[in-house]
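Here's a walk through one model, taken a region at a time. Keep the viewer open and follow along.

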Amino acid sequence: MNDLTGFQRDLLYVIAGLDEQHGLAIKAELETYYESEVHHGRLYPNLDTLVEEGLVDKGKIDDRTNSYTLTRRGRRELEARREWENQYVDL
């Protein structure tokens, strides 16, 4: 988790919180948050990196659409990150 970029961590949070966990839904959610366009050339390579790191599973919805879900490791890493953040930010 420490080696991930901020964008990759944001991807994990979005995947964890979405009901529809496919590329375009993830992209739309990030664009709402960032208030700017997220290009496919940025999104999909970063999703692939999370898959390679074992934090996200990639599935197939149909011939053109993939699904993305957190692995157990991905969920544990997010929980550990939240605990770490909570040590420093008490809102």
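## Lys58 and its partner

Let's start with Lys58, which is partly exposed at 42% relative accessibility. Keep in mind that this is a predicted model. What does Lys58 form a salt bridge with? The partner is Asp48, and the closest N and O atoms of the pair are 3.4 Å apart. This bridge links distant parts of the chain, with Asp48 sitting in helix H3 and Lys58 in strand E1, 10 residues apart. Asp48 is partly exposed too, with a relative accessible area of 30%.

## The other salt bridges

The structure holds 4 salt bridges, so let's look at a couple more of them. Lys27 and Glu31 bring their side chains together at 2.6 Å, N to O. Both belong to helix H2, and because they are 4 residues apart there, about one helical turn separates them. Which side of the buried cut-off does each one fall on? Lys27 counts as buried because its relative accessibility is 11%, under the 20% limit. Glu31, at 22%, counts as partly exposed.

Over in helix H4, Glu77 and Arg73 meet in a salt bridge at 3.9 Å, N to O, which still makes it inside the 4 Å cut-off. These two are also 4 residues apart in their helix, so the spacing is about one helical turn. Glu77 is partly exposed with a relative accessible area of 21%, and Arg73 is partly exposed at 32%.

## How H1 and H2 pack

Two packed helices are described by the angle between their axes and the distance between the axes. For helix H1 (residues 6-17) and H2, the angle is about 115° and the axes are 10 Å apart. The crossing of H1 and H2 is right-handed. On the H1 side, the residues involved are Phe7, Asp10, Leu11, Val14 and Ile15. They meet Ile26, Glu29, Leu30, Tyr33 and Tyr34 in H2.

In the loop between H1 and H2 you'll find Leu18. Leu18 counts as buried because its relative accessibility is 16%. Leaving out residues up to four places away in sequence, Leu18 touches Ala25, Ile26 and Glu29. Follow the chain further and you get to Thr69, which is 51 residues from Leu18 in sequence, yet their C-alpha atoms are separated by 9.5 Å.

## How H2 and H3 pack

Helix H2 (residues 23-34) also packs with helix H3 (residues 40-52), at an angle of about 115° and with the axes 11 Å apart. What is the handedness of the crossing where H2 passes H3? It is right-handed. From H2, the contact is made by Gly23, Leu24, Ile26, Lys27 and Leu30. H3 supplies His40, Leu43, Tyr44 and Leu47. Lys27 is a residue to pick out here, since it takes part in this helix contact and also in the salt bridge with Glu31.

## Two loop residues

Glu53 has its place in the loop between H3 and strand E1 (56-60). Its relative accessibility is 41%, so Glu53 counts as partly exposed. Glu53 and Gly74 are 21 residues apart along the chain, with 9.1 Å between their C-alpha atoms.

Thr71 lies in another loop, between strand E2 (66-70) and H4. Is Thr71 buried or exposed? It is buried, because its relative accessible area is 12%, and the limit for that label is under 20%. Not counting residues up to four places away in sequence, Thr71 touches Gly54, Leu55, Val56 and Asp57. Measure from Thr71 to Glu52 and you get 12 Å, C-alpha to C-alpha, for a pair 19 residues apart in sequence.

## A nonpolar patch on the surface

Last stop: which residues form a nonpolar patch on the surface? They are Trp84, Tyr88 and Val89, and together they have about 350 Å² of accessible area. Val89 lies in the segment after helix H4 (72-88). Its relative accessibility is 44%, so Val89 counts as partly exposed.

Note on methods:
Residues are numbered from 1 along each chain as its sequence is written. This is a predicted model: local features need pLDDT of at least 70, side-chain atom pairs count only at pLDDT 80 or more; totals for chains, interfaces and linings use all residues. Side-chain values use heavy atoms; hydrogens and water are left out. Patches are made of residues with over 30% relative accessible area and no salt bridge: like charges are joined within 9 Å, nonpolar side chains (Val, Leu, Ile, Met, Phe, Trp, Tyr) within 5 Å. Accessible areas come from the Shrake-Rupley method with a 1.4 Å probe; for residues, only the protein chains shown count as cover. Buried means under 20% relative accessible area, exposed over 50%, partly exposed in between (1.4 Å probe, protein chains only). Axes are lines fitted to C-alpha atoms, for helices over the stretch in contact, and angles run from 0 to 180 degrees between N-to-C directions. A crossing is left-handed if the near helix is turned anticlockwise from the far one by less than a right angle, and right-handed if clockwise. Contact means heavy atoms within 4.5 Å.
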